[in-house]
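Student: I am new to this structure and would like to go through it by question and answer. May I see it before we start?

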Amino acid sequence: MNPLPLNVASLQAYQSARSLRKGEGWIFMDANESPLAYAAVPAALPPLNRYPDPTADALRDAVAEYYGVRRGNLMMANGSDELIDLLVRCFVRSGRKTAAPTPSYGMYRIAADSAGVDFVVARLRADFSVDENALRAVLDNADLLFLCSPNNPTGTVVPRESIERLSAAFSGLIVVDEAYGEFADAEGVPSSIELVRRGAENVVVLRTFSKAFAAAGIRLGYCVADERIIDILLRMKPPYNVNVLTQATGLDLWRRRDAMERNVCELIAARKVLAGGCERLGCSVFPGRANFFLLRPPKGVSAQTLHESLVENYRIVVRRFPNVPKMEDLLRVSVGTPEHNELFLSSITKLLP
Ligand code: PMP
């Protein structure tokens, strides 16, 4: 075999707690999924012998109607991860850069590495807010900027005015990843979908069925953007990227948005109870606007020790960031079922001094 392309040779396979901890009895509060398994494959399914609609138009129409945009402003994908990958491959030219704040979602770098383009970062401030000047300073020679709002793993939102200022100042694309957007919607945070509706030409908004809709298993995400951007993405995507079962289930879930909205309120309320409980135990908490929160254990207890004790004694898995600067001392906790949340609180009560 010939040597691999350099960018491919250095790629690392994606690792999750799912691949490291197989078997029964684990309590996963590490991947920001919904703990409420209310989504189900609908009873009446289309025949499976035919390929799916290549552009998932029934879904696009339903989502477009809700947001007051056109079908041509939307594309459906095999999870928003597929869109992150397609966006970099479509819009970042060879020798140019992809930018993002750090810490943020790990797939942005993987997409840039896979495409063989440089990835540059601007550090978030100490309170995890976006530093606009630091970002502008890395945008020279960049074609695309990812902004995650609410941000994974910090939960912080990027203010609408910052996005508008950056969109006016930057000639490349601004991709606002709103994977946790439904949680922010419920707390009155404005979505950047409004900017697309008002005609912003370089803003792309990503959303997913994996979090608030409790359907990470079907792999369905979408983006909202100017029609010319969608047109280019559609040319690059694989022909049948969203399968028949996913299209049917997604449409059913979309029609039952009220169930999603009720669950979102329930999860936000549970996040507040969990975060409050952790604070009472002496942890510092960064509550954020998503279905997770960051916590710093009290003085004298390391994030590593607390993480290991939770795994070993209670089979509870939360997320640790040993290799992310400024995050080494923090744990990210995804809100679980009421039962798991209680178990989490009673476990850390026993583990903390
Ligand atoms: N963006 C962010 C910020 C995420 O946290 C995730 C999931 N971890 C994704 C995108 C990917 O979501 P999907 O399941 O739609 O591929």
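Student: In which helix do R262 and D258 lie?
Tutor: The model is a predicted one. R262 forms a salt bridge with D258, and the closest N and O atoms are 3.9 Å apart. The two residues are 4 places apart in the chain, about one turn of the helix. Both R262 and D258 lie in helix 12.

Student: Is R262 buried or exposed?
Tutor: The cut-off for exposed is over 50% relative accessible area, with partly exposed between that and 20%. D258, at 45%, counts as partly exposed. R262 has 53% relative accessibility, so this residue counts as exposed.

Student: Is N263 buried or exposed?
Tutor: N263 also lies in helix 12. Leaving aside neighbours within four places in sequence, N263 is in contact with L36 and Y38. Its relative accessible area is 11%. Buried means under 20%, so N263 is buried.

Student: Which residues are joined with D57 into one network of salt bridges?
Tutor: One pair is D57 with R71, whose closest N and O atoms are 3.3 Å apart. D57 is in helix 3 (residues 57-67), while R71 is in the loop between helix 3 and strand 2 (74-77), 14 residues away. D57 is buried at 17% relative accessible area, and R71 is partly exposed at 37%. Through shared partners, salt bridges join D57 into one network with R60, D61 and R71.

Student: How many residues apart are R70 and E227 in the chain?
Tutor: R70 forms a salt bridge with E227, with 2.7 Å between the closest N and O atoms. R70 is exposed, with a relative accessible area of 56%, whereas E227 is partly exposed at 34%. The pair links distant parts of the chain, from the loop between helix 3 and strand 2 to helix 10 (residues 227-236), and the two residues are 157 residues apart.

Student: How many salt bridges does the count come to?
Tutor: A pair is counted when a side-chain nitrogen of Lys or Arg is within 4 Å of a carboxyl oxygen of Asp or Glu. R262 and D258, at 3.9 Å, form one such pair. By this rule the count comes to 26.

Student: How far apart are the C-alpha centres of domain 1 and domain 2?
Tutor: The domain assignment gives domain 1 as 6-37 + 258-351 and domain 2 as 57-256. The C-alpha centres of these two domains lie at a distance of 24 Å.

Student: How many residues does each domain give to the contact?
Tutor: The contact is between domain 1 (6-37 + 258-351) and domain 2 (57-256). From domain 1 it takes 31 residues, and from domain 2 it takes 31 residues.

Student: Why does the largest nonpolar core lie between the domains?
Tutor: This core has 82 residues, and L145, F209, Y222, C278, L295 and F344 have the most contacts inside it. Helix 12 (residues 257-280) gives the most to this core, with 8 residues. The core lies between the domains because residues come to it from both domain 1 and domain 2.

Student: What does F344 touch?
Tutor: F344 is among the residues with the most contacts inside the largest nonpolar core. Residues up to four places away in sequence are not counted here. What F344 touches is M29, L274, C278, L295, L310, I316, V318 and V333.

Student: Which peptide bonds are cis?
Tutor: Most peptide bonds are trans. P103 is in the loop between strand 3 (97-102) and helix 5 (107-115), and P150 is in the loop between strand 5 (142-148) and helix 7 (160-169). The bonds leading into these residues are cis: T102 to P103, with omega near 0°, and S149 to P150, with omega near -5°.

Student: What is the phi of F128?
Tutor: Most residues other than glycine have a negative phi. F128 is in the loop between strand 4 (118-123) and helix 6 (132-138), and it is buried, with a relative accessible area of 6%. Although F128 is not a glycine, its phi is positive, at about 70°.

Note on methods: Residues numbered from 1 in each chain as written. Predicted model: local features only at pLDDT ≥ 70, side-chain atom pairs only at ≥ 80, totals over all residues. Heavy atoms only, no water. Core = buried A, V, L, I, M, F, W, Y, C linked by side-chain atoms within 4.5 Å. Buried < 20%, exposed > 50% of the residue type's maximum accessible area, 1.4 Å probe, protein only. Domains from an automatic or database assignment. Contact = heavy atoms within 4.5 Å.
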